[in-house]
Amino acid sequence: MTLNDTTLQQLALHLDGCQQQARDTVKITDQHPDMDWEDAYEIQDRILKLHLDRGARVAGLKCGLTSRAKMTQMGVTEPVFGFLVDTFAVAPGEAVDTRALIHPKVEPEIVFVLKHELRGPGCHVGAVLAATDFVMAGIEVIDSRYRDFKFDLKSVIADNTSAARFVVGGRACPVDEVDLRTCGVVLEKNGQPVALGAGAAVLGHPAAAVAALANHLGRRGRSIPAGTMILSGGVTEAVAVAAGDHVQLRVQGMGAVGLRFV
Ligand code: 0L1
Ligand code: MG
């Protein structure tokens, strides 16, 4: 780590304040160019603690920047990982208040729910499938706290990978009932298809993103507990939304789930 305890806490409070007050900021590496990966995840951990101190509970984990489309869209080359808390959760069809967000975008996701713990290193697609209870359709609402979504990987990790809201729904599908590589994904905005893809867009297989998460946590002496819900990453590029929009996601074998924005 390169940053001291005071700076890490100041940066966590700064990014958390931006999220709570829906205001943007420049990327934190502008002022801290020597920040390393450990610093970035430490700031993210401290933001999680701020949520927990306010009474939130952990709802799951997320993988981000796992598809070529997203990596190209954001100009980066590696996946990132973050957390979800219950205050980010939206019920299917429920309205998301855009006044609490800066510049929201939506992404179609395949969601895993585990029945067994996963522990890296050495975790692979087969181990993830064996540990998965079921998969579902999910929409993630991302809302980078960085102005115009302009960031580098360390800044975005510190900012909890832009996590803001999520909805999970449709049909809980046993993992052996669907080919997660070929399953089709259609995201509609206001009744029009705006993004199309298949599961293989996520690192060749969405379970590979979950394996990468387990291996990432394994390097930090952690595991993914049984029962954890994991968003495996946007299948397509993210789509900007505003008040008045409604979005609907259909995932082959997993049904549909939607959200409204007010
Ligand atoms: O979930 C994601 O793929 C988002 C990762 C962070 C980058 C972004 O804000 O697009
Ligand atoms: Mg995502």
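This passage describes the opening helix, the nonpolar core and the two largest pockets of a predicted model. Local features need pLDDT of at least 70 and side-chain atom pairs count only at pLDDT 80 or more, while totals for chains, interfaces and linings use all residues. Residues are numbered from 1 along each chain as its sequence is written, chains are lettered from A and ligands numbered from 1 in the order in which they are written, and side-chain values use heavy atoms, with hydrogens and water left out.

Helices (DSSP runs of H or I, at least four residues) and strands (runs of E, at least two) are numbered from the N terminus. Helix 1 covers residues 5–21, 17 residues in total, and spans 24 Å from its first C-alpha to its last, close to the expected 24 Å; the expected value is 1.5 Å times one less than the number of residues. Buried residues (under 20% relative accessible area with a 1.4 Å probe, protein chains only) in this helix are T7, L8, L11, A12, L15, D16, G17, C18 and Q19. An α-helix has 3.6 residues a turn, so residues three or four places apart point the same way. Among the elements covering the buried residues of helix 1 are helix 2 (37–53), helix 5 (153–158) and strand 6 (163–173). After helix 1 comes A22, with a positive phi near 50°.

In soluble globular proteins, nonpolar side chains tend to be buried together. A nonpolar core is a set of buried Ala, Val, Leu, Ile, Met, Phe, Trp, Tyr and Cys residues joined through side-chain atoms within 4.5 Å. The largest one here has 87 residues, and I43, I224 and M254 have the most contacts inside it. Helix 6 (residues 206–219) gives the largest share of this core, 7 residues. Beyond its neighbours within four places in sequence, I224 is in contact (heavy atoms within 4.5 Å) with residues including L61, L114, H116 and L217.

A pocket is an open set of points on a 1 Å grid over the protein atoms alone, where a 1.4 Å probe fits, with protein on both sides within 12 Å along at least five of seven lines; lining residues have an atom within 4 Å of a point. The largest pocket has a volume of about 320 Å³, and of its 13 lining residues Y41, E78, F81, H216 and R219 are the closest to its centre. The second largest pocket has a volume of about 240 Å³; 16 residues line this pocket, with D45, L61, F83, L217 and R222 closest to its centre. Helix 2 supplies the largest share of that lining, 4 residues.

Notes
Buried means under 20% relative accessible area, exposed over 50%, partly exposed in between (1.4 Å probe, protein chains only). Grid points are joined across faces, edges and corners, and a volume is the space filled by probe spheres set on the points.
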